[in-house]
Amino acid sequence: MNLDMTALGLPSMSAVTWLLAMLPLILVLVLMFMFKMSGTRAGVVAWVLTLAIAFFVFKAGPEILSAGTIKGVWTTLSVLFIIWSSMFLYNIVNETGSFKVIASTFTKMTNGNRILQLLLLGWAFPTFVQGVCGFGVPVAVATPLLIGLGFDPMLSVITALLGHSWGITFGSLGASYEALITNSDLGTLVGHREHLAFWGSIFIAFGGVIVGFCILHNYGRYLSGEEKNGYFGKGLPAVIFLSVVMGVAMIAGCSFVSPNLGCFVAGSVGLAAGSLVLPRLPMYKGSGAAAAEDPDMPKFGFLTAFGGYLILFVIVFAALLIPQAKAALASVKFGYNAIETVTGTGFLRKAGFQSLNLTTPGFLIVVSSIFAILFFKGKGILPEGAIGRSFMNTAKQSIGSTTTVISMTMMAVVMTEAGMTQYIAYGIAAVAGPVFPILAPFIGLLGGFVTSSGTSSNVLFAGLQYSVADALKISPYIILAEQTTASSLSNSFSPGNAALGTGVSNQSGKEGDILLVTGIYNAVQSLLVGLLGFLLVKLGLGLY
Amino acid sequence: MSPVVKKKLLAVAVLFVVAIAMQFIVVTGNVTLIWASIAVMAGAAGFLYTAC
């Protein structure tokens, strides 16, 4: 199809320019995967290359390079706030010995079955958390819990990354879905919200099924000998059960409750059904090893041990679901005025106030940590000097991911401000033609990888996806559903989220290893989503 | 706190300070100053590179 790139303020379409726009992303992947360079170093090198390509090829002047870099650094603040605050909360909870109690409770509840523990804590639980509070919090909360249960740290990070990703579109109280709606031109059609919610939830549920299989497959990489024999068959019923239960709950939640609560409904149902039903199924009854008696086991119950995280849920619910509380917190803002920029080819980025307010998850986790400290002190289980030690450990554990997030985001935001990211996406659309439904998810994946956010990917590309679907006379609902599903799933493959995962699991520098695994899963996921979309479009479905 | 962690924290702090300075410079529209601030930011990024 013909796309007039110059009308969009971008250089005219050419394969060389397209490859140059892709070069920083390719460089990051090559440096991290082939040269095992840390995320921070790869990000710094790619940022310098991005500046050069933006200046020489995309005619971005110094004010754009400068404004993009400033915005990049600024954008990291909310992510860094989450990493540092959630790590601090984890360290406080860890100081009390609560993770032993949590691990013991889950071991008993799941009959000691490792697959059930992994699926419940690494898939259903992050989905539940994502329903209320996204922005990396599910990964930050679930990863330490899985490690506390004795799972390999790398397995824990990858599982939490995969497990939470499918819930993003209808999670965070629908932030990503709202971005999808408002950035496409669907606002002019009556009933568009319901129609898009329906098709979106179908694709997201499909994505959830794939995620379940990916988690199970990845688990096998950490098994050996006897353990590995037949593990897939043993885990299959649980994956199918959770896929069906959470998928149906997602579709029903989006269709009959609210798209803004779809993920919360799916996560709640999945967690409840998974905890109550799965351990009672014959194949999981008494299938695991009995929990060994630990002489150092703290003498308090699960509710006390989980108290720090329960406090977090209560505070997040109160802050986001009580309108008065949300409005009051949102009214306290700080930020800066980003200037309007135009490239030499006419690509415009409007001026705007870049702000953070007190509903930012990092702030809510800090408040929760304070209440958790008071709670544990009240129970008399917080040891002397725990707060100081938690601060020191948090700095040590979080600094690696902090530097990675900063360098990667600087590169990514300069790319977006100079029009390079948009150019890549339009290039895919221009060459795709009738196979566009197969390639559409890869645009969502690109957006998610570059911005580390499903919502931002929808902001960037929902308009493009809608325009191409309109030009090709195919269902915009299916194309937008593919976009949002792929951008959600891509959260397991974004450098920012990988750095968050390595931060909370104390594995800084291993972002490349994580991205290599999740990248392969993500490519398969996007292809399957694309094939489903292609099939449905061929059947003439989704037209309004 | 180990020297390595201290160096990384310092690199992050420097980067944020330079970014704040850049914001004050970019609104002036002075091209020479903007290029100079980008060069300083590149130096800060280089420090971050060596610290990690």
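Begin the tour by selecting A:Lys36, which is exposed because its relative accessible area is 54%, where exposed means over 50% relative accessible area, buried under 20% and partly exposed in between, with a 1.4 Å probe and protein chains only. Before going on, note that this is a predicted model, in which local features need pLDDT of at least 70 and side-chain atom pairs count only at pLDDT 80 or more, while totals for chains, interfaces and linings use all residues. Residues are numbered from 1 along each chain as its sequence is written, chains are lettered from A and ligands numbered from 1 in the order in which they are written, and side-chain values use heavy atoms, with hydrogens and water left out.

**Stop 1: A:Lys36 and its partner**

A:Lys36 sits in the loop between helix H1 (15–34) and helix H2 (39–56) of chain A; helices (H or I, at least four residues) and strands (E, at least two) are DSSP runs, numbered from the N terminus. Look at the backbone here, since A:Lys36 has a positive phi of about 50° although it is not a glycine. Most residues other than glycine have a negative phi.

Now add A:Asp513 to the selection, whose side chain meets that of A:Lys36 in a salt bridge, with 3.5 Å from N to O; the term stands for a side-chain nitrogen of Lys or Arg within 4 Å of a carboxyl oxygen of Asp or Glu. This pair links distant parts of the chain, for A:Asp513 belongs to helix H22 of chain A and A:Lys36 to the loop between H1 and H2, 477 residues apart. A:Asp513 counts as partly exposed, because its relative accessible area is 31%.

**Stop 2: along helix H22**

Which residue should you select next in helix H22 (residues 511–538) of chain A? Choose A:Val524, which has its place in this helix and counts as partly exposed because its relative accessibility is 41%. Then extend the selection to A:Leu516, A:Ile520, A:Leu527, A:Leu528 and A:Leu531, which together with A:Val524 make a nonpolar surface patch of about 480 Å². Such patches are made of residues with over 30% relative accessible area and no salt bridge, like charges being joined within 9 Å and nonpolar side chains (Val, Leu, Ile, Met, Phe, Trp, Tyr) within 5 Å. Accessible areas come from the Shrake-Rupley method with a 1.4 Å probe, and for residues only the protein chains shown count as cover.

**Stop 3: A:Thr485**

Move to helix H20 (residues 476–489) of chain A and select A:Thr485. Is this residue, A:Thr485, buried or exposed? A:Thr485 counts as buried, because its relative accessibility is 0%. Showing its surroundings brings up A:Thr169, A:Gly200, A:Phe203, A:Ile204 and A:Val529, which A:Thr485 touches when residues up to four places away in sequence are not counted; contact here means heavy atoms within 4.5 Å.

**Stop 4: further salt bridges**

Over all chains, a search of the whole structure finds four salt bridges. One to display is that between A:Arg389 and A:Glu95, whose closest N and O atoms are 2.9 Å apart. The two lie in distant parts of the chain, with A:Arg389 in helix H16 (residues 386–417) and A:Glu95 in helix H3 (residues 62–95) of chain A, 294 residues apart. A:Arg389 is partly exposed, because its relative accessible area is 37%.

Next select A:Glu417 and A:Arg349, whose side chains meet in a salt bridge of 3.3 Å from N to O. A:Glu417 lies in helix H16 of chain A and A:Arg349 in strand E3 (residues 348–349), so this pair ties together parts that are 68 residues apart in sequence. A:Glu417 counts as buried, because its relative accessibility is 4%, whereas A:Arg349 is partly exposed, with a relative accessible area of 22%. Add A:Lys71 as well, since salt bridges that share partners join A:Lys71, A:Arg349 and A:Glu417 into one network.

**Stop 5: A:Asn111**

Go to the loop between helix H4 (98–109) and helix H5 (114–132) of chain A, where A:Asn111 lies. A:Asn111 has a positive phi of about 55° although it is not a glycine, and it counts as partly exposed because its relative accessibility is 25%.

**Stop 6: chain B**

Finally, select chain B, whose secondary structure comes to two helices and zero strands. The C-alpha trace of chain B spans about 40 × 15 × 10 Å along its principal axes. Buried residues make up 37% of the 52 residues in chain B.
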